[in-house]
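Q: Got a minute to walk through this one with me? I'd like to go loop by loop, then sheets, then pockets.

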Amino acid sequence: MNTMAPVASSSTLDSNYLLSDPREDESLPVFERPASSRALISKYNNDFLLKNTEKSYEQQYASLYFLRLTVLKPRVSTIAAEAWNGMSILNQRVKAVDRVLDVRQGELCWIVGTVYMEMTLKPNILDEITKEFWTTAPISKDKFADPENDAIMLEDESGRVNLVGSTIKSELLVTGCVVAVLGSETTSGDFDVIDIRYPQLAPQLPRPVSTGHERKCVALVSGLEVSGDVHESYETSMLIEYLMGELGGSDDSKRASEIIHVIVAGNSFANNRPSPLSRDEENGDSSQKKKKKYGYDSSSYNSKPTEALDSMLGDLSNSVCVDIMPGDQDPTNYSFPQQPINPAMVPRTRRFLGSGFRSVSNPCWWDVEGLRILGTGGQPIDDIFKYVEGDDRLKMMEYSLRWQHCAPTAPDTLWSYPFRDCDPFILHETPHLFFAGNQPEFKTKIIEGDDGQRVRLLALPKFSETGQLVLVDVDSLACEVVTFAAGATALD
């Protein structure tokens with residue numbers, strides 16, 4: 001249990017008052033942050049953390065898919081058996097077939113396997129080689145989906161079968177999700193699907209009963225993209241001051257004092273990656289090409305983003321508990337799961353390690369006052385977006401939970417470590433709050449499961465583009481958006 005530092009209140013004061021000496025009888029209300037418990041759920045998070053001494057890329061990625069199927073097949077089989085066992089269609093009784101290659105033509109049956117999407121627009125290694133050797137670069141594709149030419153397949157340890165039919169074409173599917181399909185084999189060897197089942201939501205722990213004495217909130221923000229420039233975002237400064245209770249009047253300070261935990265969800269650093277073209281090529285001078293320089297190059301290193309973020313986090317961690325999660329443009333490994341940002345990069349903030357500051361993995365699980373939270377920096381949802389038509393991010397998040405997997409496209413198109421003992425992205429429980437950072441806009445909804453599960457889905461927008469902070473009530477799961485805008489008369 002941690003008692004947070006007091007949050008001082010302020011009000012709108014004129015300049016004459018600010019320059020005058022304080023009166024002896026003058027007092028301002030002081031709000032205390034409520035005591036709270038916040039913990040990382042180690043039984044899940046420990047699988048995301050990779051020890052340098054144990055890392056190995058010698059094993060094949062295929063083992064990850066077999067591990068996934070081994071765990072999820074019994075779960076989806078239970079759902080399918082409840083729906084289809086004992087069913088008869090056109091006087092033909094439905095039966096379960098254990099392996100894909102055991103399906104017989106014309107036999108009405110259901111099978112379980114891992115979906116594989118054969119997509120002509122999906123990137124391949126030849127494209128990467130093309131980029132490496134500086135030949136004509138392939139066209140970047142925001143979407144892999146091409147419904148007219150894509151093929152959907154189901155595979156297990158025995159083999160693979162092509163899925164056809166209007167039912168399967170209308171479903172949201174990606175490579176890596178485990179499903180059960182009902183249908184029959186056609187004369188061409190395809191499997192004509194007439195129904196489909198998913199594992200559905202995993203069991204969920206009950207939330208503690210609210211005492212109703214004091215409101216407690218978790219603050220979520222992503223995409224700060226701190227650059228350290230002289231003209232750093234004014235909205236970012238307002239954000240830090242607000243979280244510390246130093247912005248606005250008494251009402252704002254009271255609301256800030258209710259924040260017991262802050263999660264910074266990815267892309268805290270500005271994207272300063274160099275252009276694929278050299279400077280000479282960008283300036284049109286291709287005759288003078290610089291030689292490639294390997295290793296540390298002090299002339300190209302910019303410490304300003306790190307120093308600026310360190311200063312912000314140091315001030316904030318002195319007032320409220322802060323966790324920082326990496327994103328795809330932060331200084332850590334690019335593949336999933338991303339390892340925590342090294343605290344050595346924020347020396348001023350590092351002194352709060354173990355008390356007001358933690359650097360966590362992406363993805364990560366939390367338990368805040370009994371509220372189970374699962375969050376990512378947004379890469380899995382961004383990757384699913386490429387597989388499907390449309391842009392319903394909340395639907396993609398919902399399906400991830402119903403597939404019981406928070407990163408189904410890993411390792412196919414979402415780069416991932418080749419785990420050989422477990423698939424850490426499998427969901428063994430359903431969180432109360434599931435968020436994805438760095439999304440185009442704020443969206444939220446609540447979904448429910450067949451066994452009473454209730455989940456708040458939250459698409460967290462980029463702060464650098466929207467200036468939005470999201471507060472989630474620990475007891476009610478109610479969401480509140482606070483918008484910071486330069487020149488605004490009030491906070492939304």
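Q: Where does N267 sit?
A: This is a predicted model. In it, N267 is in the loop between strand 13 and helix 8 (279–282).

Q: What is phi for N267?
A: Near 55 degrees. That is a positive value, and N267 is not a glycine.

Q: Is N267 buried or exposed?
A: Buried. Its relative accessible area is 5%, and the cut-off for buried is under 20%.

Q: What about N438, what is its phi?
A: About 60 degrees, so to speak on the positive side, although N438 is not a glycine. N438 is in strand 18. N438 is buried, because its relative accessible area is 6%, and buried means under 20%.

Q: Switching to prolines. Which residues does the cis peptide bond with omega about -5 degrees join?
A: F336 and P337. P337 lies in the loop between strand 14 and helix 10 (347–350).

Q: And the cis bond with omega near 5 degrees, where is that?
A: It runs from A410 to P411. P411 is in the loop between helix 12 and strand 18 (433–439).

Q: Where is P461?
A: In strand 20. P461 counts as buried because its relative accessibility is 0%. The C-alpha atoms of P461 and G437 are separated by 6.5 Å. Along the chain these two are 24 residues apart.

Q: Sheets next. What is the strand order in the sheet with strand 20?
A: The order is 3-16-17-18-20-19. This is an open sheet of 6 strands with mixed pairing. Strand 3 (38–40) and strand 19 (443–448) are the edges, each pairing on one side only. From one strand to the next, the twist averages 20 degrees.

Q: How many bridges link strand 19 and strand 20?
A: 6, in the antiparallel sense. One pair to look at is I447 with V455, its bridge partner in strand 20.

Q: Which strands make up the sheet with strand 14?
A: 6 strands, in the order 15-14-13-12-21-22. The sheet is open and the pairing is mixed. Its edge strands are strand 15 and strand 22 (479–483). The twist there averages 20 degrees from one strand to the next.

Q: What does strand 14 pair with?
A: Strand 13 (residues 259–265) pairs with strand 14 in the parallel sense, over 4 bridges. Strand 15 (residues 357–359) pairs with strand 14 in the parallel sense too, over 3 bridges.

Q: Which residue in strand 14 is the bridge partner of I263?
A: D323. D323 also has a bridge partner in strand 15, namely R358. For I324, the partner in strand 15 is S359.

Q: Which way do the strand 14 residues point?
A: V322 and I324 point one way, D323 and M325 the other. All of them are buried.

Q: Last topic. How much space is in the second largest pocket?
A: About 370 Å³. Its lining has 20 residues, and those closest to the centre are K169, E171, Y387, V388 and E389.

Q: How does the lining divide by residue type?
A: 11 nonpolar, 2 polar and 7 charged. Strand 8 (151–155) and helix 12 (393–402) each supply at least two of the lining residues.

Q: Why does that pocket lie between domain 1 and domain 2?
A: Because both domains give residues to its lining. Domain 1 is 32–56 + 203–274 + 302–491, and domain 2 is 62–197.

Methods
Residues are numbered from 1 along each chain as its sequence is written. This is a predicted model: local features need pLDDT of at least 70, side-chain atom pairs count only at pLDDT 80 or more; totals for chains, interfaces and linings use all residues. Side-chain values use heavy atoms; hydrogens and water are left out. On a 1 Å grid over the protein atoms alone, a cavity is a set of points where a 1.4 Å probe fits but cannot get out, and a pocket is an open set with protein on both sides within 12 Å along at least five of seven lines; lining residues have an atom within 4 Å of a point. Grid points are joined across faces, edges and corners, and a volume is the space filled by probe spheres set on the points. Ala, Val, Leu, Ile, Met, Phe, Trp, Tyr, Cys and Pro count as nonpolar, Asp, Glu, Lys and Arg as charged, and the others, Gly among them, as polar. Domain bounds come from an automatic or database domain assignment. Buried means under 20% relative accessible area, exposed over 50%, partly exposed in between (1.4 Å probe, protein chains only). Two strands pair if DSSP finds at least two bridges between them. Axes are lines fitted to C-alpha atoms, for helices over the stretch in contact, and angles run from 0 to 180 degrees between N-to-C directions.
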